[in-house]
Amino acid sequence: MSCPRREPGPEDLVRAARACGVTDERLLRALQATPRSAFVPASHRASAYADAPVPIGHGQVTTQPSLVAMMVAALGLTGDERVLEIGSGHGFQTALLARLAAYVVGVERWADMAEQARANLAGQGVENAEVVVGDGTLGVADRAPFDAIVISAAFPEVPPPVAQLRPGGRLVQPIGPGGRERVELYEKSGPGLVRRRTVAHACFVRLHGAYGYLPTAPCEDAD
């Protein structure tokens, strides 16, 4: 008699994150409690709990869940932070951050994608996060300073205005041309950023904007 086949679920993503060295139990509980299937297009829900990127339109893909976990873990969130997220996609990482911090503002350059992220977050009852449409390389000056910033797109350097960090704040960004990056952790020290360590090596889409690569299309509205 064979055992019934278990359906994939969040525990598979927790297992993948642990395998990549994530040990923050608070983050792992958030990963367990956040259904990725609610943050991917309906056509890809069958693979929502595979530790792999998922296409979400406009030539974009989600970040691999274990890599999301590694990047968020590097921020060292304890619950009281204000977090800036550049590149919200469909809101999965936003939802994780919202479980771990006091307030999250995500910036998404595509208006339809931002709208989908808002709907996904609302569907999960997330109330301490917002997603605005705009140029992420400019940061969000009227919400600054931030305790942590996570950038989910690649550029060879940190965009100057995005360093809207309080002293001691942390920033995680893929550094490279887009397609082969070092995900780096920085800390605000004095007027600048100090590199602390390499979090991972990975492939990301390019960061577009005034302080990134030239946009392929303008943002459709701004918040």
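Colleague: How many residues line the largest pocket?

Modeller: The structure is a predicted model. Among the residues of the lining, Gln60, Val61, Gly87, Ser152 and Val205 lie nearest the centre of the largest pocket. The space in this pocket comes to about 720 Å³. The number of residues that line the pocket is 45.

Colleague: How many residues of the lining of the largest pocket are charged?

Modeller: The lining can be divided by residue type into nonpolar, polar and charged groups. The nonpolar group holds 22 residues and the polar group 17. The charged residues number six.

Colleague: Which helices give two or more residues to the lining of the largest pocket?

Modeller: Strands S2 (60–61), S3 (82–86) and S4 (103–108) each give two or more residues to this lining. Two helices also do so, and they are H3 (65–75) and H4 (92–100).

Colleague: How many of the residues of H3 are buried?

Modeller: A residue counts as buried when its relative accessible area is under 20%. The buried residues of H3 include Pro65, Leu67, Met70 and Leu75. H3 is largely enclosed by the rest of the structure, because the buried residues number 10 of the 11.

Colleague: How many residues of H4 are buried?

Modeller: H4 is mostly covered. Among its buried residues are Phe92, Gln93, Leu96 and Leu100. Of the nine residues of H4, the number buried is eight.

Colleague: Is Thr63 buried or exposed?

Modeller: Thr63 is found in the loop between S2 and H3. Leaving aside residues up to four places away in sequence, Thr63 touches Arg36, Val68, Ser152 and Phe204. Its relative accessibility is 19%, and the limit for a buried residue is under 20%. Thr63 therefore counts as buried.

Colleague: What distance separates the C-alpha atoms of Ser37 and Leu207?

Modeller: Ser37 has its place in the loop between helix H2 (25–33) and strand S1 (55–57), and at 24% relative accessibility it counts as partly exposed. Along the chain, Ser37 and Leu207 are 170 residues apart. The distance between their C-alpha atoms is 26 Å.

Colleague: What kind of aromatic pair do Phe155 and Tyr213 form?

Modeller: The model has two aromatic pairs. In the pair of Phe155 and Tyr213, the ring centres are 5.0 Å apart and the planes meet at 80°. Planes over 60 degrees apart count as edge-to-face, so the pair of Phe155 and Tyr213 is edge-to-face.

Colleague: How many residues apart in sequence are the parts that the pair of Phe155 and Tyr213 ties together?

Modeller: Phe155 lies in the loop between strand S6 (146–151) and strand S7 (165–175), whereas Tyr213 lies in the segment after strand S9 (192–202). Phe155 counts as buried at 13% relative accessibility, and Tyr213 counts as buried at 17%. Because of these places in the chain, the pair ties together parts whose separation in residues is 58.

Colleague: Which residue has its charged end over the ring of Tyr213?

Modeller: The charged end in question is 4.0 Å from the centre of the ring of Tyr213. The residue that carries it is Arg206.

Colleague: Which residues does the cis peptide bond join?

Modeller: The omega angle of this cis peptide bond is about 5°. One partner, Pro145, is found in the loop between strand S5 (129–133) and S6. The bond joins Ala144 and Pro145.

Terms used
Residues numbered from 1 in each chain as written. Predicted model: local features only at pLDDT ≥ 70, side-chain atom pairs only at ≥ 80, totals over all residues. Heavy atoms only, no water. Phe/Tyr/Trp six-rings, centres within 6.5 Å; stacked < 30°, edge-to-face > 60°. Helix = DSSP H or I, 4+ residues; strand = E, 2+ residues; numbered from the N terminus. Buried < 20%, exposed > 50% of the residue type's maximum accessible area, 1.4 Å probe, protein only. Lys NZ or Arg CZ within 6 Å of the ring centre and 35° of its normal. 1 Å grid on protein atoms, 1.4 Å probe; cavity = no way out; pocket = protein on both sides within 12 Å on 5 of 7 lines; lining within 4 Å. Points joined across faces, edges and corners; volume = space filled by probe spheres on them. Nonpolar A, V, L, I, M, F, W, Y, C, P; charged D, E, K, R; others polar. Contact = heavy atoms within 4.5 Å.
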